[in-house]
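Biologist: Could you take me through one part of this model in some detail? I would like a close look at chain A, with its sheets, its domains and its contact with the other chain.

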Amino acid sequence: MSGLSIQNLSMRFDLPNGGHVQALQDVSLDLKAGELMSVLGPSGCGKTTLLNIVAGFLAPTSGVLELNGHRVTGPDAERGMVFQQGALFEWMSVRENVGFGPSMKGTPKKDKDDTVNHLLDVVGLQDFKEKAVYELSGGMQQRVALARCLANDPDVILMDEPLGALDALTREKMQSLVLKLWKETGKTIILITHSVEEALLLGERLLVMAPRPGRIHTEYRLPFAELGVGQDLREVKKHPEFAVKREEILGMIWDMEEEIMGRTEGEDA
Amino acid sequence: MIPFLIYVGIFVVAFFVVKAIAQRTAIADYGSLKTVTFGDESAVTPNRAASIISVLTIFLLWGMFTGSALLPKFLHAPGPFMGTGTFEYTASNGDETDTATVTVLVHPIDVETEAPEVAAGDGWAKDDSVAIGVWRSGLLRVDRNDELGRDEGVAVTEINGTAVSPGDSVDVGFGTVTISDKGTPNIIPAKGWQMEPIWLPAPEAVVQRIGEIASAGFRGSTLWEHLGYSLFRVVVGFFFGALVGIPLGYAMGLSNWFRGWFDPIVEFMRPVPPLALIPLVIIWAGIGETGKIILLFLAALWIMAIAARSGVSGVKISKVHAAYSLGASKAQIMRHVIVPNSLPEIFTGARVAMGVCWGTVVAAELVAAEQGAGMMIMVASKFQNTDIVIMGIILIGVIGFGIDMLMRYAEKLLVPWKGKG
């Protein structure tokens, strides 16, 4: 069976003061190969925890996580990760960063160079390949991060707010790039974001999570990602359904935030 | 006090002069358009003119107050009196009074000089002469050659016509004459404002001394051998310190057990000044090379261990995560992520450690050594060879500065990504 399968995943850990945190409770979902899923939720809803478990950086306290039929027990090249920022290796050039995965695997130099060159063309950084990564702008750095992840040809790409630190214009361009890469490579992608618009644009499936304990609140299936491929994303945003969904989800998250605030105030009293 | 006032004067005058010149030739760069400069740290850059004038001023003052030949005469502070001066004394035993002249020849200290010959003159008090080294003073028993002396109840009653009694001083033009308790004139030629070379030699004397010691050596070793020994000890001590300290720091950064085991030792040894270890090291290892290198090893060890530890702990977890999910093994992460990520910290530590080692080696050589920069100035000071001491201090400073510059340059070359993560 191909794809990612998550069954009854729970994550609970003890605190030094004797209490405990239920970061995730009974999360189950199946992701078919090639699906693009965005995850949205207020802070503390466990979305980053979920991503870290899928990446293999954290072990769940219960539940099963399988990729293409085998259990996930730790980090592996089959699950690539793109971080918000600062995860590039600043002691390496752009070319060396992108070629990191193949180098670790011991790919022959020629194959590696071909892969790197191809991906630098795809993300439009061919002219910058010998530059140090700290000489690039934030948007360019994230394009390097995307290329570095793709160079390894992973089955699943996990993105933890990859565009969170970019300015609005760069962010829009990068959203188009992510859609383009998704369509061209056919990778399974899970993308975490704080932006409702981004979640709508970059999710065939949109998962809204709720906090305390972290759980899946609602799941949507959306047409916008498909519409956005090869089209100006601003046109997609004009879609009447887009505004409706955006308001609905925003309202949902606002309610959750208010509930948290109310609960915290209640605890304080 | 006077040198200090001159220094402040030059500081203030130079400020206004440079400012006036700068205003005339002002370039309208971005910084000059800032209206708020007070409190804007980025607007405060070192004024290069001030730096140059500052250094020149130090040499100027040094030259002025040592009568340096490098400066034109009119810039010199008043020097000590040199040459021949005279004064008259009047001796009396109550009944008889006579006057005689004393000729004083003030000569450079390093030139052996006989008292000038003078005619005895008339009367029972005979004329005297004396040779006194510059900056020195001399008691002169003026009555010794007189027909009537102290034994006959004769005492000096007047100097240059001024009545004196024991304890009084009289200005005689080229200096002062003080009557001692026993009635002997003490001749003190004017010392001027310049420093005597045994306290502060002129700059050219120090430069000349560098040349002499560089060619002839000092205490059986040439200057380069002395400095070379010091540098050799620093380099070897630092090398072993880094060789042990860096892996130790890595182990402490990567393993709980190592961290727990070595934390108390490192945290205790870090604040112990290496200088405090000198006595113990001498007891254990003697004053030879072994002792020095052990001391410098200990000086560098903790600094390097702590630098390597914080370099490892400072790695962003997302970088390690990224490397893992790109398929890197533990060894590959160590080599391609943790080591390069910790290099900037290690270089900073190495710079600090080299500075500390250089200071420690000089101090250790001051205490006991056969060769070395510290030994050189220590031995020279015992013989009041101030020029060698100053030369040594300058060379030690220059080498310390050079080491730091070299480390900075190496850092720029080898870890250009420092602070860019």
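Modeller: Gladly; here is a walk through chain A, ending with the partner chain and the nonpolar cores. Please keep in mind throughout that this is a predicted model.

Let us begin with the smaller set of strands. In chain A, 4 strands make an open sheet, ordered β2-β1-β4-β5, and their pairing is antiparallel. The edges are taken by β2 (20–31) and β5 (70–71) of chain A; each has a single partner strand, so one side of each is left without a neighbour in the sheet. Helix α1 (residues 47–55) of chain A packs on this sheet, where α1 touches β1 (4–14), β2 and β4 of chain A. The direction of the helix makes about 60° with that of β2(A). At the β5 edge, strand β4 (residues 62–67) of chain A is joined to β5(A) by 2 bridges, the two running antiparallel. If you want a pair of residues to find on screen, look for Glu66(A), which stands opposite Arg71(A) in β5(A).

The other sheet to look at in chain A is also open, with 6 strands in the order β6-β7-β8-β3-β9-β10 and mixed pairing. Its edge strands are β6 (79–82) and β10 (215–221) of chain A, each of which pairs on one side only. From one strand to the next, the twist averages 20°. At the β10 edge, strand β9 (residues 205–210) of chain A pairs with β10(A) in the antiparallel sense over 6 bridges, and Val208(A) stands opposite Thr218(A) in β10(A). Towards the other edge, helix α5 (residues 138–151) of chain A lies across β6 and β7 (156–160) of chain A, and α5 runs at about 175° to β6(A).

Now for the domains. The assignment splits chain A into domain 1 (1–78 + 154–237) and domain 2 (88–153). The C-alpha centres of these two domains of chain A lie 24 Å apart. Where they meet, 13 residues of domain 1 of chain A are in contact with 12 residues of domain 2 of chain A. On the domain 1 side, helix α6 (residues 168–185) of chain A supplies the largest share, 6 residues. By class, that side of domain 1 of chain A has 10 nonpolar, 2 polar and 1 charged residues.

Chain A also meets chain B. The contact takes 21 residues from chain A and 16 residues from chain B. On the side of chain A, the elements that give two or more residues are β6 and α3 (100–105) of chain A, and α3(A) gives the most, with 4 residues. Sorted by class, this side of chain A has 13 nonpolar, 4 polar and 4 charged residues.

Finally, the nonpolar cores. The largest holds 136 residues, of which Ile190(A), Leu296(B), Ala300(B), Met304(B) and Cys357(B) touch the most other members. Helix α7 (residues 289–313) of chain B provides the largest share of this core, 15 residues. As for Ala300(B), its contacts beyond four places in sequence are Gly237(B), Phe238(B), Gly241(B), Ala242(B), Gly245(B), Ala353(B) and Cys357(B). There is also a second, separate core of 22 residues, which includes Ala91(B), Val104(B), Ile132(B) and Val156(B).

Note on methods
Residues are numbered from 1 along each chain as its sequence is written. Chains are lettered from A and ligands numbered from 1 in the order in which they are written. This is a predicted model: local features need pLDDT of at least 70, side-chain atom pairs count only at pLDDT 80 or more; totals for chains, interfaces and linings use all residues. Two strands pair if DSSP finds at least two bridges between them. Two residues are in contact if their C-beta atoms, placed from the backbone, lie within 7 Å. Axes are lines fitted to C-alpha atoms, for helices over the stretch in contact, and angles run from 0 to 180 degrees between N-to-C directions. Domain bounds come from an automatic or database domain assignment. Ala, Val, Leu, Ile, Met, Phe, Trp, Tyr, Cys and Pro count as nonpolar, Asp, Glu, Lys and Arg as charged, and the others, Gly among them, as polar. A nonpolar core is a set of buried Ala, Val, Leu, Ile, Met, Phe, Trp, Tyr and Cys residues joined through C-beta atoms within 7 Å. A residue is buried if 20 or more other C-beta atoms lie within 10 Å of its own, exposed if 12 or fewer, and partly exposed in between; C-beta atoms are placed from the backbone.
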